[in-house]
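Colleague: Got a few minutes to walk me through this model? I'd like to ask as we go.

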Amino acid sequence: MSNLKVYGVPGSRAYRVLWMVNELGLDYEHVPVHFGDGSARTPEYLAVNPNARIPAIDDAGFKLWESMAINLYLAKKHDKGFWPKTLEGEAQALQWSFWAMTEAEKPALAALMHRVFLPEDLRDPRLADEGEQQLQKPLKVLDDALAKTGYLVGSSFSVADLNVASVLSWARLARVDLSGFPHVKQWLTAALQRPAAVKAAPKRS
Ligand SMILES: N[C@@H](CCC(=O)N[C@@H](CS)C(=O)NCC(=O)O)C(=O)O
């Protein structure tokens, strides 16, 4: 039995963590706690994540929640090339991960919910378009950053790319127009086609 448990279904933010553990080649037990069926509210799961949200991990008794924190922890712990080698690189990985959560996640989720996820009668196309509109500025920032090396930190794929691409996978699912952001488009397509991402959620890649 594995010492690492990953909680959460792939059709949720747990996708990010499943992608990370696959990249790292870790042996793990997947516990498919779902956000919609009450399984995130059982006393057993609340002892792992008192927020009653997914994802979370239990790493040999060390419990951690928040998708970005989990991925940063796993990338650093296992040091398989996804964690930057310099202090500055580490800071940039944190910067991009916080940026994804504060600048890109909310509008990308609005587009996803109101174009794809909600039942049709609950969708509001104006909220989806507003999300797409709000993504324009962060997408431009990202496009300019990727123009240099094609990666967010240094010149290889790192936890920063994984964390940001996993958030923007929602924008792609929501058919956000990326034609004005060629570097983002190319980078996101390549990231989501990585075998570890496909294995995490075949339908999303
Ligand atoms: N900031 C958290 C958000 C976690 C989160 O909201 N997860 C959703 C599923 S994608 C959830 O569990 N929702 C259940 C609820 O809100 O009750 C993270 O990134 O891990």
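Modeller: Sure, one definition up front: buried means under 20% relative accessible area, exposed over 50%, and partly exposed in between, with a 1.4 Å probe and protein chains only. This is a predicted model: local features need pLDDT of at least 70 and side-chain atom pairs count only at pLDDT 80 or more, while totals for chains, interfaces and linings use all residues. Numbering starts from 1 along each chain as its sequence is written, and side-chain values use heavy atoms, with hydrogens and water left out.

Colleague: OK. Is Glu-66 buried, partly exposed or exposed?

Modeller: Glu-66 has a relative accessible area of 44%, so it counts as partly exposed. Glu-66 sits in the loop between strand 4 and helix 3; helices (H or I, at least four residues) and strands (E, at least two) are DSSP runs, numbered from the N terminus.

Colleague: What about the phi of Glu-66?

Modeller: Phi of Glu-66 is positive, about 85°, although the residue is not a glycine. Most residues other than glycine have a negative phi, and most peptide bonds are trans. Asp-79 also has a positive phi, near 40°. You'll find Asp-79 in the loop between helix 3 and helix 4, partly exposed at 44%.

Colleague: And where is the cis peptide bond?

Modeller: Between Ile-54 and Pro-55, with omega about 10°. Pro-55 lies in the loop between helix 2 (43-46) and strand 3 (56-59).

Colleague: Switching to the ligand. Which residues surround the ligand?

Modeller: Both partners of that cis bond, Ile-54 and Pro-55, are among them, and Glu-66 too. The others are Ser-12, Arg-13, Arg-16, Phe-35, Arg-41, Arg-53, Ser-67 and Met-101. To be near the ligand, a residue needs a heavy atom within 4 Å of it.

Colleague: How does the shell around the ligand divide?

Modeller: Four nonpolar, two polar and five charged. Here Ala, Val, Leu, Ile, Met, Phe, Trp, Tyr, Cys and Pro count as nonpolar, Asp, Glu, Lys and Arg as charged, and the others, Gly among them, as polar.

Colleague: Which oxygen contact does Ser-67 make with the ligand?

Modeller: A polar side-chain atom of Ser-67 lies 2.6 Å from a ligand oxygen. Arg-13 has a polar side-chain atom 3.2 Å from an oxygen atom of the ligand. With Ile-54 the backbone does it: an N or O atom lies 2.7 Å from a ligand nitrogen. The cut-off for such a polar contact is a pair of N or O atoms within 3.5 Å; within protein, one must be able to donate a hydrogen and the other to accept it, and residues adjacent in sequence count only if both atoms are side-chain atoms.

Colleague: How much of the ligand does the protein bury?

Modeller: The protein buries 80% of the 510 Å² that the ligand exposes when taken alone. Those areas are Shrake-Rupley values with a 1.4 Å probe; for residues, only the protein chains shown count as cover.

Colleague: Rings next. How many aromatic pairs does a search of the whole structure find?

Modeller: Seven. Rings of Phe, Tyr and Trp (its six-membered ring) pair if their centres lie within 6.5 Å; planes under 30 degrees apart are stacked, over 60 edge-to-face, the rest tilted. Take Phe-62 and Tyr-73: the centres are 5.1 Å apart and the planes at 55°, so this pair is tilted. Phe-62 is in strand 4 (residues 62-65) and Tyr-73 in helix 3 (residues 67-78), so the pair ties together parts eleven residues apart in sequence. Phe-62, at 37%, is partly exposed, and so is Tyr-73, at 23%.

Colleague: And what do Phe-82 and Phe-157 form?

Modeller: An edge-to-face pair, 6.3 Å centre to centre with 90° between the planes. Phe-82 comes from the loop between helix 3 and helix 4 (87-117) and Phe-157 from the loop between helix 5 (125-149) and helix 6 (159-173), 75 residues apart. Phe-82 is buried at 7%, and Phe-157 is buried at 9%. Together with Tyr-15 and Trp-19 they form one aromatic cluster.

Colleague: Which charged end sits over the ring of Phe-157?

Modeller: That of Arg-194, 3.8 Å from the ring centre. The rule for sitting over a ring is NZ of Lys or CZ of Arg within 6 Å of the ring centre and within 35 degrees of the ring normal. Arg-16, which is also one of the residues around the ligand, has its charged end over the ring of Trp-170, 5.2 Å from the centre.
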